[in-house]
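Subject: Structure handover

Hello,

Here is the structure I said I would pass on to you. Please open it next to this message and follow along.

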Amino acid sequence: MQPNPMQEQLDPTQQQQLQQQLDAAAATMSTSSSSSSSSSPADAARLTPKADEWVKQRRDSHKEVERRRHEVIKTGIAELAKIMPNCSDRNKGGILHCAVQYIQQLKEAEQRNAERWTFDKMLGDHHWKTT
């Protein structure tokens, strides 16, 4: 099973707390679904606050995960901007565009160097065999 990329951003304590919240919410849902089928409207009214609390916890948890995800993206783009040569853009899209172009240039240069090294090696080997 693939690890959830959002869980990788949480430390183990936070993951454990989130799992406990999810387990409690699941227990609440199973309790409310099993008891609501044979319960009175008054019982259903008592279960609503728990469901509301679960929804609020879930929404708050999602907001926190999204906030962390945005912070990781923001930090990564800021780091890219620092190391990118000749990149005057300061918006996220411009920085990413500069990074893609720079990586493509590096790959092309690497390919040229590999071809040159192979060619020089072949010439060197040939020179030694003919002398």
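Below is what was found in it, starting with the overall layout and ending with single residues.

Please keep in mind that this is a predicted model. The mean pLDDT of the protein is 78, and 70% of the residues score at least 70. Confidence is not even along the chain: helix H3 (residues 92–130) has the highest mean, 87, while H1 has the lowest, 66. Look with care at residues 33–39, where pLDDT stays under 50. For that stretch the model has one contact beyond four places in sequence.

Overall layout

The protein contains three helices and zero strands. Its pattern along the sequence is α-α-α. There are 131 residues, of which 11% are buried. If you take the contacts between residues at least 6 apart in sequence, 36% of them join residues at least 24 apart.

The largest pocket

Which residues line the largest pocket? They are Leu18, Gln21, Leu22, Ala25, Trp54, Gln57, Arg58, Ser61, His62 and Val65. Two elements each give two or more residues to this lining, namely helix H1 (12–36) and helix H2 (41–83). H2 supplies the largest share, with six residues. By type, the lining has five nonpolar residues, four polar ones and one charged. The space in this pocket comes to about 170 Å³.

One of the lining residues is Ser61, which sits in helix H2. Is Ser61 buried or exposed? Its relative accessible area is 17%, and the limit for buried is under 20%, so Ser61 counts as buried. Setting aside residues up to four places away in sequence, Ser61 touches Leu18 and Gln21. Leu18 and Gln21 are also part of the pocket lining.

Ala99 in H3

Ala99 belongs to helix H3. With a relative accessible area of 6%, Ala99 is buried. Which residues is Ala99 in contact with, leaving aside its neighbours within four places in sequence? The answer is Leu80 and Met84. As for Ile77, it is 22 residues from Ala99 in sequence, and the C-alpha to C-alpha distance between them is 9.6 Å.

Cysteines

Two cysteines are worth finding in the viewer. Cys87 is buried at 8% relative accessibility, and Cys98 is buried as well, with a relative accessible area of 13%. How many disulfides does the count give? The count comes to zero, where a disulfide would need a pair of cysteine sulfur atoms within 2.5 Å.

Asn86 in the loop

The last residue to look at is Asn86, in the loop between H2 and H3. Its relative accessibility is 82%, and exposed means over 50%, so Asn86 counts as exposed. What is the phi of Asn86? The value is near 55°, which is positive, and the residue is not a glycine. For background, most residues other than glycine have a negative phi.

To go through it yourself, begin with the pocket lining, where H2 gives six residues, then turn to Ala99 in helix H3, and finish with Asn86 in the loop between H2 and H3. While you do so, remember that the mean confidence is lowest in H1, one of the helices that line the pocket.

Regards

Conventions. Residues are numbered from 1 along each chain as its sequence is written. This is a predicted model: local features need pLDDT of at least 70, side-chain atom pairs count only at pLDDT 80 or more; totals for chains, interfaces and linings use all residues. Side-chain values use heavy atoms; hydrogens and water are left out. On a 1 Å grid over the protein atoms alone, a cavity is a set of points where a 1.4 Å probe fits but cannot get out, and a pocket is an open set with protein on both sides within 12 Å along at least five of seven lines; lining residues have an atom within 4 Å of a point. Grid points are joined across faces, edges and corners, and a volume is the space filled by probe spheres set on the points. Helices (H or I, at least four residues) and strands (E, at least two) are DSSP runs, numbered from the N terminus. Ala, Val, Leu, Ile, Met, Phe, Trp, Tyr, Cys and Pro count as nonpolar, Asp, Glu, Lys and Arg as charged, and the others, Gly among them, as polar. pLDDT is the predictor's confidence in each residue, from 0 to 100. Contact means heavy atoms within 4.5 Å. Buried means under 20% relative accessible area, exposed over 50%, partly exposed in between (1.4 Å probe, protein chains only).
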